[in-house]
Amino acid sequence: MFKNLNPGMIGVHASLAEALDMAAQYGFDGVDINLPDMAEVSRETSVGEVRDLFERAGRRPGNWGLPIEWHGTREKWSEELTRLHRYAALARDIGAQRTTAVVMPCSDERTFDENYAFHVERLKPVAELLGEHDCRFGLEFIGPETLRRGRKHAFVYTMDGMLALCRDLGPNVGLLLDLWHWYTSHGTWDDLARLGNGDVVNVHVNDAPAGVPVDEQIDNKRCLPGETGVLDIARFLKALDTMGYDGPVTAEPFSARVNALAPRDALRETSEAMHRAWASAGIA
């Protein structure tokens, strides 16, 4: 696994070239990418130029968010699949072979079974198309109970529930495993011990505000990894290391405090938090 930077997650706006410079300066080994932006760059220059950006910086591609709208009408979804074919081919050519999407944990329109069938119908063709281009597909389960309150129908919000959906979508589908969502879904260390590298596509790390019961945690109020000690970042990283996870690990603090910092200070604090986390886990 490697320390990965997504500047937007800490309130820093940057082009790919700028993000790669930031990663090199602050000790991150990889950088997430915006694939539609990369498609534009490759049209203006070449796919080789995009690859060269990473090679010159000595960094690697991290993750890209699935750049299509898959919740809409069937006609729109068919158009989006055509676009995804082009994006996935580009991703393969630049070595960015991990993409992810969020699965919301509730619905006011569909029962659990209806929603499950809908997700399989829409996402299985996505997974198959990505697999044809040697790309892996990660799905994020959303844990906080506060998000499900007042909604008519709960949906998948645990690790095991999401793994079941992943199995129904295809062999290249696994988890976007977020420490915060694992914690707020009442995940256990035994749960993590059952995972292998093939089960996890991408990882986000963070911490939780102190003094807030787990079922009262609010999704967009988090902290940098190790900031409060509510979430055991060292043990989490050790679990990833034990399972042989070989992908990006990205700080996603959703922190108003960090977002308000000057870019260099946000990058410095995030870098220091990630390096401390690695050291606390005893990982080189």
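What percentage of the 284 residues in the chain do buried residues make up? Hold that thought for a second. One thing to say up front, everyone: this is a predicted model. Okay, the answer is 52%.

Let's start with the overall picture. Running along the chain you'll find 11 helices and, alongside them, 11 strands. The radius of gyration is 18 Å, and the globule rule gives 19 Å for 284 residues, so the chain is as compact as a globular protein of that length. If you drew a box around the C-alpha atoms, along the principal axes, it would be roughly 50 × 50 × 35 Å.

Now, who touches whom? Take the contacts between residues at least 6 apart in sequence: 80% of them join residues at least 24 apart. As for the outside, the accessible surface is about 12,300 Å², and carbon and sulfur atoms account for 49% of that.

On to charges. I count 30 positive side chains and 43 negative ones here, and the centres of those two sets sit 1 Å apart. Side chains of opposite charge can pair when their charged atoms come close. In the whole structure, a search turns up 18 salt bridges.

Let me walk you through a few of them, beginning in helix H4, which covers residues 74–94. Keep your eye on Glu80. Its side chain forms a salt bridge with Lys76, at 3.9 Å from N to O. Glu80 also meets Arg83 in a salt bridge, this time at 3.0 Å. How do these residues sit along the helix? Lys76 and Glu80 are four residues apart, so about one helical turn separates them. Arg83 and Glu80 are three residues apart, again about one helical turn.

Is Glu80 buried or exposed? Buried is under 20% relative accessible area, and Glu80 has 4%, so it counts as buried. Its two partners are another story: Lys76 is partly exposed at 37%, and Arg83 is partly exposed at 25%.

Next, jump to helix H11, residues 263–281. Here Arg268 and Glu272 make a salt bridge at 3.6 Å, N to O. They're four residues apart, about one turn of the helix. Arg268 is partly exposed, with 35% relative accessibility, and Glu272 is partly exposed too, at 36%.

Last stop: which residues are linked with Arg222 in a network of salt bridges? They are Asp178, Asp219 and Glu252. Try finding that group in the structure above. Thanks, everyone!

Methods: Residues are numbered from 1 along each chain as its sequence is written. This is a predicted model: local features need pLDDT of at least 70, side-chain atom pairs count only at pLDDT 80 or more; totals for chains, interfaces and linings use all residues. Side-chain values use heavy atoms; hydrogens and water are left out. Helices (H or I, at least four residues) and strands (E, at least two) are DSSP runs, numbered from the N terminus. The radius of gyration is taken over C-alpha atoms; the globule rule is 2.2 Å times the number of residues to the power 0.38. Buried means under 20% relative accessible area, exposed over 50%, partly exposed in between (1.4 Å probe, protein chains only). Contact means heavy atoms within 4.5 Å. Accessible areas come from the Shrake-Rupley method with a 1.4 Å probe; for residues, only the protein chains shown count as cover. Lys and Arg count as positive and Asp and Glu as negative; His and the chain ends are not counted. The place of a charge is taken as NZ of Lys, CZ of Arg, CG of Asp or CD of Glu. A salt bridge is a side-chain nitrogen of Lys or Arg within 4 Å of a carboxyl oxygen of Asp or Glu.
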